[in-house]
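Look over the sequence and the model below. The report that follows takes up charged pairs, the core, the pocket and a few single residues.

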Amino acid sequence: MQDDHLRADLPWEDFQPRTVYVVDIAGVDAQGQDLVVTRIVTKLKDFLEQNKLGPNVRKCVVVVDELNKYAPADGPDTYLKKTLLEISERGRYLGLVL
């Protein structure tokens, strides 16, 4: 188990098939959460496009709890909302599913 005081990035070029990676952002303020989720989704998309996510990793499923908080239908058009909409509309071609 990792010490809460240690921070590490995701293993971008070394993802393993059939593995779950959890990013807990519950203790981060709203702007920080927006930045973290946007960065992760954008990097996943880029790495999948370049086929660099890891050996034998062709698809990635992103589960966003409380999606209505990040991209409410009646909310403002934030970069995060646009990114999530792009994945839901075009992500299957990359192997990225939301």
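Asp-77 is exposed, because its relative accessibility of 58% lies over the 50% cut-off. This is a predicted model. Asp-77 pairs with Lys-81 in a salt bridge, with N and O 4.0 Å apart. Lys-81 has a relative accessible area of 7%, so this residue is buried. The bridge between Asp-77 and Lys-81 thus has an exposed acid and a buried base.

**Salt bridges**

Side chains of opposite charge can pair when their charged atoms come close. The model has four salt bridges in total. Three of them are described in this report, including the pair Asp-77 and Lys-81.

A second one joins the side chains of Arg-39 and Asp-9, at 2.7 Å from N to O. This pair ties together distant parts of the chain, 30 residues apart. Arg-39 sits in helix 1, while Asp-9 belongs to the segment before helix 1. Arg-39 is partly exposed at 37% relative accessible area. Asp-9 is partly exposed too, at 46%.

Glu-89 and Arg-90 form another salt bridge, and their closest N and O atoms are 3.8 Å apart. Glu-89 is partly exposed at 45% relative accessibility. Arg-90 is also partly exposed, with 47%.

| Salt bridge | N to O distance |
|---|---|
| Arg-39 and Asp-9 | 2.7 Å |
| Glu-89 and Arg-90 | 3.8 Å |
| Asp-77 and Lys-81 | 4.0 Å |

**The nonpolar core**

Which element gives the largest share of the largest nonpolar core? The core itself has 21 residues. Trp-12, Phe-15, Leu-44, Leu-53, Tyr-70 and Leu-96 have the most contacts inside it. Two elements, helix 1 and helix 3 (79-90), each give two or more residues to this core. The largest share is that of helix 1, with six residues.

Trp-12 has contacts well along the sequence. Leaving out residues up to four places away, Trp-12 touches Arg-39, Ile-40, Lys-43, Leu-44, Phe-47, Lys-52 and Leu-53. Among these partners, Leu-44 and Leu-53 are also on the list of core residues with the most contacts. Another partner is Arg-39, the residue that bridges to Asp-9.

**The largest pocket**

How much space lies in the largest pocket? The volume is about 920 Å³. The pocket is lined by 32 residues, and those closest to its centre are Tyr-21, Val-22, Val-61, Val-62 and Val-63. Helix 1, strand 1 (60-61) and helix 2 (67-70) are the elements that give two or more residues to the lining. Helix 1 gives the most, with six residues. By class, the lining has 21 nonpolar, seven charged and four polar residues. Helix 1 therefore gives the most to the pocket lining and the largest share to the core.

**Lys-45 and Asn-51**

Lys-45 lies in helix 1, which spans residues 30-49. Is Lys-45 buried or exposed? Lys-45 is buried, because its relative accessibility of 17% is under the 20% cut-off. Beyond its neighbours within four places in sequence, Lys-45 contacts Glu-86, Leu-94 and Leu-96. Of these partners, Leu-96 is one of the core residues with the most contacts.

Asn-51 sits in the loop between helix 1 and strand 1. Asn-51 is exposed, with 61% relative accessible area. Asn-51 and Glu-13 are 38 residues apart in sequence, and their C-alpha atoms are 9.3 Å apart in space.

How values were computed. Residues are numbered from 1 along each chain as its sequence is written. This is a predicted model: local features need pLDDT of at least 70, side-chain atom pairs count only at pLDDT 80 or more; totals for chains, interfaces and linings use all residues. Side-chain values use heavy atoms; hydrogens and water are left out. Helices (H or I, at least four residues) and strands (E, at least two) are DSSP runs, numbered from the N terminus. Buried means under 20% relative accessible area, exposed over 50%, partly exposed in between (1.4 Å probe, protein chains only). Contact means heavy atoms within 4.5 Å. On a 1 Å grid over the protein atoms alone, a cavity is a set of points where a 1.4 Å probe fits but cannot get out, and a pocket is an open set with protein on both sides within 12 Å along at least five of seven lines; lining residues have an atom within 4 Å of a point. Grid points are joined across faces, edges and corners, and a volume is the space filled by probe spheres set on the points. Ala, Val, Leu, Ile, Met, Phe, Trp, Tyr, Cys and Pro count as nonpolar, Asp, Glu, Lys and Arg as charged, and the others, Gly among them, as polar. A nonpolar core is a set of buried Ala, Val, Leu, Ile, Met, Phe, Trp, Tyr and Cys residues joined through side-chain atoms within 4.5 Å.
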